[in-house]
Amino acid sequence: MKDLCSSTSKLLEKYFDQEVTDKERLLVEGHLKDCSACQSALMSMEELRTLIKNPVEEAVQKENFPWVWQKIEREIRLQEKRTWWQALRSWLDVTPLFKKKVWIPAVATVVVLLFITAQIFFKKIPSYSEASVVEYVESETNNVMVYDLEKAKVTVIWLFEEPEEESATS
Amino acid sequence: MAIRGAGGGICHIMRRIALLLIIFFIFSFFTLSAASAQVQVRMRVIQASNVGQSIDPSLKELHDELKTLFSFTSYRLLREENLNLSIDQPFSISVHKGKTSLETTLVGQHKNVAELRMRVNREGTDILNTQVRLSPGRTVLVGGPKHGEGVIIYALTARF
């Protein structure tokens, strides 16, 4: 009996972990009916498992694993062959960020920059007609003539110099 | 483990945001650059006179217009410049040993129209001030100032 108890106790851990063969299971179960020491050993194992399992499960429930899972998913996705559009969407996916408040300064910066650049984009552009080539012309010393040759798209601004100046310069 | 994972995720997203911001800044830079773009202006300084009968071969494309508009018999190209004008950056071109000069300043650009302010100066005195709008294919001739036995004609054409 003692020899059988010794050999069965070696199988007891395997039996507890459900790793025994059918033959071994029958052997252990047959022995357990008559051996109180082995029954006690098996009960101790169960108690120990309960003792370890409960706190671990509680700790797991308290932990926040989404980030870990996201990383795992990302790695899995990297392994998969994706289209450029899927890759871009994945790259631009910032939904995890909405769970945190770190995006607030980034969004504020973008809004300010958009506001600044919008002034350039939506700046009112005056429309000009082809007829008004000369906005203004002035001369304090001479007469000036403006002439448009519309067919040839030529505009002439002509300065008439005084006769005495003409003789002085020529 | 969970804290380390969350930190890594935030860093990853922050890196993406930083990259997007860099792209945005580059885009803004090019937008602003486009807003302050240059305009290329072809300027020709022509001496028109009634001495001789020659027309400079380099003025071939203006020949018909010159003939229609003026009664001079001779046209000589004194100078030709291709100016890259920037907003409010004046460019001055002188003839007649510096006595006469034309200062050209780009004051605005809207689509295919360049607004140019021109100032003709004779011996320190402004004799003509004008502002014109140059569109593609249009030539503005500013003429009249005496030069030797003839007059000076400035021909300006914008290239977009």
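1. Start with helix α4 of chain A, residues 66–79, in this predicted model. The helix has 14 residues. At 1.5 Å a residue, α4(A) should span 20 Å. The end C-alpha atoms of α4(A) are 20 Å apart, so expectation and model agree.

2. Is α4(A) largely in the open or largely covered? Count its buried residues: of 14, the number is one. Helix α4(A) therefore lies largely in the open.

3. Now take chain A as a whole. Its secondary structure comes to seven helices and three strands. Read from the N terminus, the order is α-α-α-α-α-α-β-β-β-α. Chain A has 170 residues, and 9% of them count as buried. Look also at contacts in chain A between residues at least 6 apart in sequence. Of these, 25% join residues at least 24 apart.

4. Which strands make up the open sheet with the order that begins at β1(A)? The order is β1(A)-β6(B)-β5(B)-β4(B)-β3(B), five strands with antiparallel pairing. The edge strands are β1 of chain A (134–138) and β3 of chain B (91–95). Each of these two pairs on one side only. From one strand to the next, the twist averages 15°.

5. This sheet takes strands from both chains, so check where they join. Strand β1(A) pairs with β6 of chain B, residues 125–134. The pairing is antiparallel and runs over four bridges. To find the spot, look for Glu138(A), which stands opposite Asn129(B) in β6(B).

6. Next, strand β8 of chain B, residues 150–159. Is β8(B) mostly covered or mostly open? Eight of its 10 residues are buried, so by that count β8(B) is mostly covered.

7. Strand β8(B) has partners to trace. Strand β1 of chain B, residues 39–49, runs antiparallel to β8(B) and is joined to it by 10 bridges. Within this pairing, Arg44(B) has Ala155(B) as its bridge partner. Strand β7 of chain B, residues 139–147, is also antiparallel to β8(B), with seven bridges. There, His147(B) is matched with Gly150(B).

8. How many residues lie between β7(B) and β8(B) in their hairpin? There are two. Gly148(B) sits in the turn and has a positive phi of about 60°.

9. Turn to the largest nonpolar core, which holds 37 residues. Five members touch the most others: Leu134(B), Val140(B), Val142(B), Ile153(B) and Tyr154(B). Several strands each supply at least two residues, among them β3 of chain A (154–160) and, from chain B, β2 (74–85), β4 (100–110) and β5 (113–122). The largest share comes from β8(B), with seven residues.

10. Ile153(B) deserves a look of its own. Leave out residues up to four places away in sequence. Ile153(B) then touches Ile46(B), Ala48(B), Leu141(B) and Gly143(B).

11. Last, confidence. Chain B averages a pLDDT of 82, and 87% of its residues score at least 70. Where does pLDDT stay under 50 in chain B? It does so over residues 1–6. For that stretch, the model has 10 contacts beyond four places in sequence. For the complex, the predictor gives an ipTM of 0.77 and a pTM of 0.52.

Technical notes: Residues are numbered from 1 along each chain as its sequence is written. Chains are lettered from A and ligands numbered from 1 in the order in which they are written. This is a predicted model: local features need pLDDT of at least 70, side-chain atom pairs count only at pLDDT 80 or more; totals for chains, interfaces and linings use all residues. A residue is buried if 20 or more other C-beta atoms lie within 10 Å of its own, exposed if 12 or fewer, and partly exposed in between; C-beta atoms are placed from the backbone. Two strands pair if DSSP finds at least two bridges between them. Two residues are in contact if their C-beta atoms, placed from the backbone, lie within 7 Å. Axes are lines fitted to C-alpha atoms, for helices over the stretch in contact, and angles run from 0 to 180 degrees between N-to-C directions. pLDDT is the predictor's confidence in each residue, from 0 to 100. A nonpolar core is a set of buried Ala, Val, Leu, Ile, Met, Phe, Trp, Tyr and Cys residues joined through C-beta atoms within 7 Å. The expected span of a helix is 1.5 Å times one less than its number of residues.
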